[in-house]
Amino acid sequence: MSLLKVNMTEKKVVRQPFPKQTIVGGRAMIDHLMTQYGSPTEHPLSPEALFVVAPGLLAGSGAPQSGRISFGGKSPLTGGIKEANAGGTAAHLLGRLGIRAVMVQGHADAWQVLKIDSKGAVLEPAGEIVGMKNYAACEKLRKRFGEKVSIIIIGPAGEMKMANSTVAVTDPEDRPARHAGRGGVGAMMGAKGLKAIVLDGAGTSVRKAADEDAFKKAAREAAEAIKNGPSTPVMHKLGTNVCIDADGDRGSLPSYNHRHGSFEKRKGLCSNTMIALNNARGGSMGNACMPGCIVKCSPIFHDADGNHLTSALEYETVAMLGANLGIDNLDAVARMDRQCDELGLDTIEVGCTIGVLNDAGLFEFGDYRKAEAYIDEIGQGTPMGRILGSGVTHTAKVFGIDRIPAVKGQGIPAHSARSLKGWAVTYATSPQGADHTAGVVEEDPLSPVGQVERSRNQQILTAALDATGLCMFTFIEKRPELIAAMIAALYGVKWTADDFRELGKEMLRQERAFNLKAGIGPEADRLPDWMRRDPLSPTNAVFDVPQEEIDRLFNF
């Protein structure tokens, strides 16, 4: 397995062996390379800054649910270390191609495409795809490089180096619908002059484990645990959008710019509505977003004419572009999701950003046409579009708004902090900024007691899971022995559940150390003060976990 070093300035690609005994991948690989090669004080968009692409430890193997791929570097949104991951087909092919990570530095004088296949890696001029939206650009790239390639690509937002820009990965249907959304990873890639990465796995095969029998046994046990997990059937049937009703029932569905925890019109957004529309139009639920997926929670959503509109219409998107904007029209939300996929925009950040415009008198809740028009402006790069494309914190500053739903510059996601106090601790303390995937805590949600310990434990387990390439919906991070057995057999090393937990701890230590050097200290581990002051209906909860307890979260 190799590390691919790409110098965009010199247009050189060097492949060097990566130590087998260094058990890092995905988010852990980003932490490792940023600690070893990155500079916390460099501007995130400078030629010297790093951009890293890293499949997980289990990529390219027969491990179930192992196709997540991580992107990261120093975030233009938070100013700290950042990782965002996505599904799709790229991680599996990188594993089969023997690539542990791609580390990109420098800046090309003209847009480039990095082509990787079994013969090697080379940079080529991007040509006509520059400026194109993601779907059309991917069609052009398939005509140029072959129909069976996997594509990693940035849209116009990434080309414009907007702080709220994503990296898209093509899914099993060859659509650029799987996005590493948070933190501006698209701008990191765009700052290098890298428009796309094309992966051709022809002539490759599934990775061979050091101990094939042990690996097959471990993979079977993990697959059984996933299949028999209590949440798997629900996620498969209803998708992640099941949370519209779940969060609405418990008062944690952000609505009207995070002012309410329920949405009286949520029936128009819920999974049953999505299923009914799909049944009538030829869409479908229960699709895989990556090779080896067992849960299959992804919907494919069609428009009123029966044409594909968007894939992966997930809860965070429906909540933040729907309920948070007072919009109950699922078709409008799906259109906005497609706009964001085409441009390369994080739907969570977009929903937060448009939401705060209500405070400035620039957006009326429920006006989906205005919301769609604002997203179009982002794509056009108008002055207003560039402001919105910079994220919620920057937008609020421009318009003099003091009530900002963000931590470390990143918009708060769609599980309301005040009604889910353990999750809120994760938002406040994660080195990644407010992130719903950094440490899920749902136990005893309205009590402040014990939430710091719960968040600490979940952040450790989740960080380690992000290193493996396993989807968070494997639901087995609390059974690390199943994961450790697969890694030990694949790499031929002695690796245990304790090693899995220690990996998560070390990742958080590295991320926190990087952020401290970047000027992001413990004083940034705070939710906005208004969340401690303003009750959230219908629970009337405020965030009341003592700050002195929160400040001890990293004492491990």
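Select Ser-252 first; in this predicted model, Ser-252 sits in the loop between helix H8 (243–250) and H9. With a relative accessibility of 0%, Ser-252 counts as buried. Display the residues around the serine: leaving aside those up to four places away in sequence, Ser-252 touches Asp-247, Gly-261, Tyr-315, Ala-414, His-415, Ser-416, Ser-419 and Leu-420.

**Along the loop between H8 and H9**

Next, select Tyr-256, which is also found in the loop between H8 and H9. Most residues other than glycine have a negative phi, and most peptide bonds are trans. Tyr-256, although not a glycine, has a positive phi of about 55 degrees. Its relative accessible area is 16%, so Tyr-256 is buried.

Proceed to His-258, placed in the loop between H8 and H9. The phi of His-258 is positive, about 60 degrees, and this residue is not a glycine either. His-258 is buried, with a relative accessible area of 3%.

**A cis peptide bond**

Now select Ser-537 and Pro-538 together. The peptide bond from Ser-537 to Pro-538 is cis, with omega near 0 degrees. Pro-538 belongs to the loop between helix H20 (529–533) and helix H21 (547–550).

**Three salt bridges**

Side chains of opposite charge can pair when their charged atoms come close. The structure holds 31 salt bridges, and three of them are visited here.

Select Arg-27 and Glu-511. Their side chains form a salt bridge, at 2.8 Å from N to O. This pair links distant parts of the chain: Arg-27 is in helix H1 (residues 26–37) and Glu-511 in helix H19 (residues 497–517), 484 residues apart. Are these two residues buried or exposed? Arg-27 is buried, at a relative accessible area of 2%, and Glu-511 is buried as well, at 0% relative accessibility.

Move to Asp-331 and Arg-281, whose closest N and O atoms lie 2.6 Å apart in a salt bridge. Because Asp-331 lies in helix H11 (residues 330–343) and Arg-281 in helix H9 (residues 271–281), the pair ties together parts that are 50 residues apart in sequence. Asp-331 counts as buried at 19% relative accessibility, and Arg-281 counts as buried at 16%.

The third stop is Arg-479 with Glu-481, a salt bridge in which the closest N and O atoms are 3.3 Å apart. Arg-479 counts as partly exposed, at 41% relative accessibility, and Glu-481 is partly exposed, with a relative accessible area of 41%. Then add Asp-466 to a selection of Arg-27 and Glu-511: salt bridges that share partners join these three residues into one network.

**The whole chain**

Finally, zoom out and colour by secondary structure. The protein chain has 21 helices and 17 strands. Its radius of gyration is 22 Å, close to the 24 Å that the globule rule gives for 556 residues, so the chain is as compact as a globular protein of that length. Along the principal axes, the C-alpha trace spans about 55 × 50 × 50 Å.

Of the 556 residues, 64% count as buried. Among contacts between residues at least 6 apart in sequence, 69% join residues at least 24 apart. A surface display shows the exposed area of the chain, about 19100 Å², of which carbon and sulfur atoms supply 49%. Colouring by charge brings up 63 positive and 64 negative charges, whose mean positions are 4 Å apart.

Terms used
Residues numbered from 1 in each chain as written. Predicted model: local features only at pLDDT ≥ 70, side-chain atom pairs only at ≥ 80, totals over all residues. Heavy atoms only, no water. Salt bridge = Lys/Arg side-chain N within 4 Å of Asp/Glu carboxyl O. Helix = DSSP H or I, 4+ residues; strand = E, 2+ residues; numbered from the N terminus. Buried < 20%, exposed > 50% of the residue type's maximum accessible area, 1.4 Å probe, protein only. Rg over C-alpha atoms; globule rule 2.2 N^0.38 Å. Contact = heavy atoms within 4.5 Å. Areas by Shrake-Rupley, 256 points an atom, 1.4 Å probe, with all protein chains shown as cover. Lys, Arg positive; Asp, Glu negative; His and termini not counted. Charge placed at Lys NZ, Arg CZ, Asp CG, Glu CD.
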